[in-house]
Amino acid sequence: MLTAWSFIAFLSLFVLIGLSSLFFSSHQSKDYYLASNSVKPWLVGLSAVATNNSGYMFIGVIGYTYTVGLSAFWVMLGWISGDFIASHFVHRRLRTMTEKRGEVSYIGVLSSWSGGTKPAYQRLAASICLLLLVAYAAAQLLAGSKALHVLFDWPIWAGAVSGAVLVLMYCLAGGIRASIWTDAAQSMVMISAMGLLLWVAVDGLGGAQATLSRLRDVPDYMNWFPQDLAFPGVMGAVLFALGWLFAGLSVVGQPHVMVRFMTLREGGDMNRARQWYYLWFTAFYLMATSVGLLSRLYLPEAGSFDAELALPTMAQQLLPPVLVGLILAGVFAATLSTADSLILSSSAALTHDLLPHNIEKPWLLKLSTFGITATALAWALLSAQSVFAMVVMAWSGLASAFVPLLLVLIFGGRPGQGVSIAMSVVGISTALLWRYFDLHNMVYEGLPGILAGVAVYGVSRICRRGQPVAEAIS
C-alpha cells in the first residue's frame, strides 16, 4: 500500500506540473511545438536528458547489461562520446536555422535549410518520422507497463494505458512546454532513484571491494568485450566500439531530442544547455549501467527470467515500500518523458510536414496528438519485441534517414530535392537491411546507414560534374 501511495504522489506531481503550463500557453502552433522559443538553458538540458534516457535506460540498458556484463560500458562510452562530438557541429546551427526559417518542426527545418522548400522530401521525411517515432513511443509505454507488472502485478495492458492517459493529459494542456517542465522534474527523480538503488545495492553486498570481487566470480561477466563478436580480437572490438560511437552521433537525427534545443530563447544559451545535458547524462548512464551489473548478483540468471525486469525486481528485494514507489516513479517518469516528446514530434510531422496545408487550429493540433497517442498505445499492446530492440531499431532508422542530410547541410552542401530523397531512402534502407540480415551483431546498423546516405551525396556530386542527367535529379 505504501508503495502505491508513494508512486501516486510522484506521478500526481508530474501531472500537475504539466497541467500548470496551460496558463502560459498561447494556443498557437509555434507555442505548442516550440514553446515560442522561450525556454531557459537548464530546463532544456534536463529535458533533453530525460527524453534521451527514457525507459530505454531503466529497462533496456539495465536488461542488456544484466545479460552481457562489463562490455555494456562500451555502449555508454560510445554513445556519450558520439553525442558530444556531434553537438559541437549541429546544435547551434540547428537553433539558428530554426529561427531564420521560421519553422516549428525538425523536418521543416531540414527541408527549408538551403532556401525554398522541398515538398516531396518533406512529406517523405514526415512519413518516416511518423512511423519510427510512433514505434519508439510504443516502446516507452511498454517499458513503463513492464515495471508496473512486476511491482503491482498489473497486466501489461493496464500499465501501457495508464502511461498513455497521463502523457495525453499534459501534452494536450501545454504542448512542448508541458513536456519540458515535466521532463525537468522527472530528470531529478530519475537520477535520485537510480543513485539510491545503486548505493543500497553496493552497501548490501558489503561495500565496493566486496562487490567487485563477487562480480569477478561470475564467469565471463567482467570481460571488456562481448564474447559473440562477429570478428575476434582487436578488429571486432574496434567495430563494436565504433558502432556505438555512431549510435551517439545519431542523436542529432532524433527529432524528439533535437527539438528541445530548438526551443532555446537564443543561440547564445546553447553552451549552458549542453553543460547541463552532458553532466546529467554521464552521471545517469554510469549509474544505470552499474545497477545493471549488480542486478546479476541479486538475480542469478534463470532461463525464464526477463532481463528487462531486472530493475523493478531488484528494487522490490532491496528497498522499503516507500522507496520502491520512488524507483517505480523514476522508471515511469523516464518512459513518460520520452513518450510525450515522441508523440509531440510525431504530431508536428503530421500537422506541419505531411498534410498539404499547415494546421494552426488548436483543436486540430490536439486531435492529431490524441490520434498518435492511441496508435502508439495499440502498437505497444500488440508488439512482441523487447524494449531494447524497438528503441535501437527506431533510433538507427531515424539517424540513417536524417543524419546524412543534416551533416551535408552543416558542412555547406546544398543537395536538391531528388538527392535529399535518395539520401534518406538509401540510408534507412541500408540500416534496415543490415538488421534484417543480422549484421548488427558485427556493427551497429546506424553506421552503415549514415555512411550510405552520405555516399549518395558524394556520388551525386561526381555525377553532376560529368553527366547532365545528374543535374535533373539533384
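Trainee: In which helix is Ala399 found, and is this residue buried or exposed?

Mentor: In this predicted model, Ala399 is found in helix H15, which spans residues 387-410. Its relative accessible area is 0%; because buried means under 20%, Ala399 is buried.

Trainee: Which residues does Ala399 touch?

Mentor: Leaving aside residues up to four places away in sequence, Ala399 touches Ser250, Gly253, Gln254, Pro404 and Ile450. A separation along the chain may also be read together with a separation in space. Ala399 and Leu46 are 353 residues apart along the chain, and their C-alpha atoms are separated by 22 Å.

Trainee: How should one read the nonpolar core, and how many residues does the largest one have?

Mentor: A nonpolar core is a set of buried residues of certain types joined through side-chain atoms within 4.5 Å. The largest one here has 165 residues, and Tyr285 and Phe402 are those with the most contacts inside it. Helix H7, residues 156-204, gives the most to this core, namely 21 residues.

Trainee: What does Phe402 touch?

Mentor: Beyond residues up to four places away in sequence, Phe402 touches Tyr106, Ile107, Leu110, Tyr121, Ala125, Ile128, Cys129, Gly253 and Pro255. Gly253 is also among the residues that Ala399 touches.

Trainee: Cys129 appears in that list. How does one decide on disulfides, and how many are there?

Mentor: A disulfide is a covalent bond between the sulfur atoms of two cysteines. In this model the count comes to zero disulfides. For Cys129, the nearest cysteine sulfur is that of Cys171, and it is 15 Å away. As a disulfide needs two cysteine sulfur atoms within 2.5 Å, Cys129 is in no disulfide.

Trainee: Are Cys129 and Cys463 buried or exposed, or partly exposed?

Mentor: Cys129 counts as buried, at 1% relative accessibility. Cys463 is partly exposed, with a relative accessible area of 25%.

Trainee: Where is Thr369 found, and which residues does it touch?

Mentor: Thr369 is found in helix H14, residues 362-382. Thr369 counts as buried, at 0% relative accessibility. Not counting residues up to four places away in sequence, Thr369 touches Tyr32, Leu168, Cys171, Leu172, Ile343, Leu344 and Ser347.

Trainee: How should salt bridges be read, and how many does the count come to?

Mentor: Side chains of opposite charge can pair when their charged atoms come close. Here the count comes to six salt bridges. In one of them, the side chains of Arg177 and Asp31 meet with an N to O distance of 2.9 Å. This pair links distant parts of the chain, with Arg177 in helix H7 and Asp31 in helix H2 (residues 29-34), 146 residues apart. Both partners fall under the 20% limit and are therefore buried: Arg177 has a relative accessible area of 9%, and Asp31 is at 2%.

Trainee: Which residue pairs with Asp183 in a salt bridge?

Mentor: Arg260 does so, with an N to O distance of 2.8 Å. This pair also links distant parts of the chain: Arg260 lies in helix H10 (residues 255-262) and Asp183 in helix H7, 77 residues apart. Arg260 counts as buried at 1% relative accessibility, and Asp183 is buried with a relative accessible area of 0%.

Trainee: How many residues of H10 are buried?

Mentor: Eight of its eight residues are buried, and H10 is mostly covered. They are Pro255, His256, Val257, Met258, Val259, Arg260, Phe261 and Met262. Pro255 is also one of the residues that Phe402 touches.

Trainee: Which residues are linked in a network of salt bridges?

Mentor: Arg265, Asp269 and Arg272 are linked in such a network. Between Asp269 and Arg265, the closest N and O atoms are 3.7 Å apart. Asp269 counts as buried at 3% relative accessibility, whereas Arg265 counts as partly exposed at 40%.

Trainee: To turn to the surface, which residues form a nonpolar patch there?

Mentor: Leu433, Tyr436, Phe437 and Leu439 form a nonpolar patch on the surface, and together they have about 460 Å² of accessible area. Phe437 lies in the loop between helix H16 (417-436) and helix H17 (446-466). Its relative accessible area is 56%; since exposed means over 50%, Phe437 is exposed.

Note on methods:
Residues are numbered from 1 along each chain as its sequence is written. This is a predicted model: local features need pLDDT of at least 70, side-chain atom pairs count only at pLDDT 80 or more; totals for chains, interfaces and linings use all residues. Side-chain values use heavy atoms; hydrogens and water are left out. Buried means under 20% relative accessible area, exposed over 50%, partly exposed in between (1.4 Å probe, protein chains only). Patches are made of residues with over 30% relative accessible area and no salt bridge: like charges are joined within 9 Å, nonpolar side chains (Val, Leu, Ile, Met, Phe, Trp, Tyr) within 5 Å. Accessible areas come from the Shrake-Rupley method with a 1.4 Å probe; for residues, only the protein chains shown count as cover. A salt bridge is a side-chain nitrogen of Lys or Arg within 4 Å of a carboxyl oxygen of Asp or Glu. Helices (H or I, at least four residues) and strands (E, at least two) are DSSP runs, numbered from the N terminus. Contact means heavy atoms within 4.5 Å.
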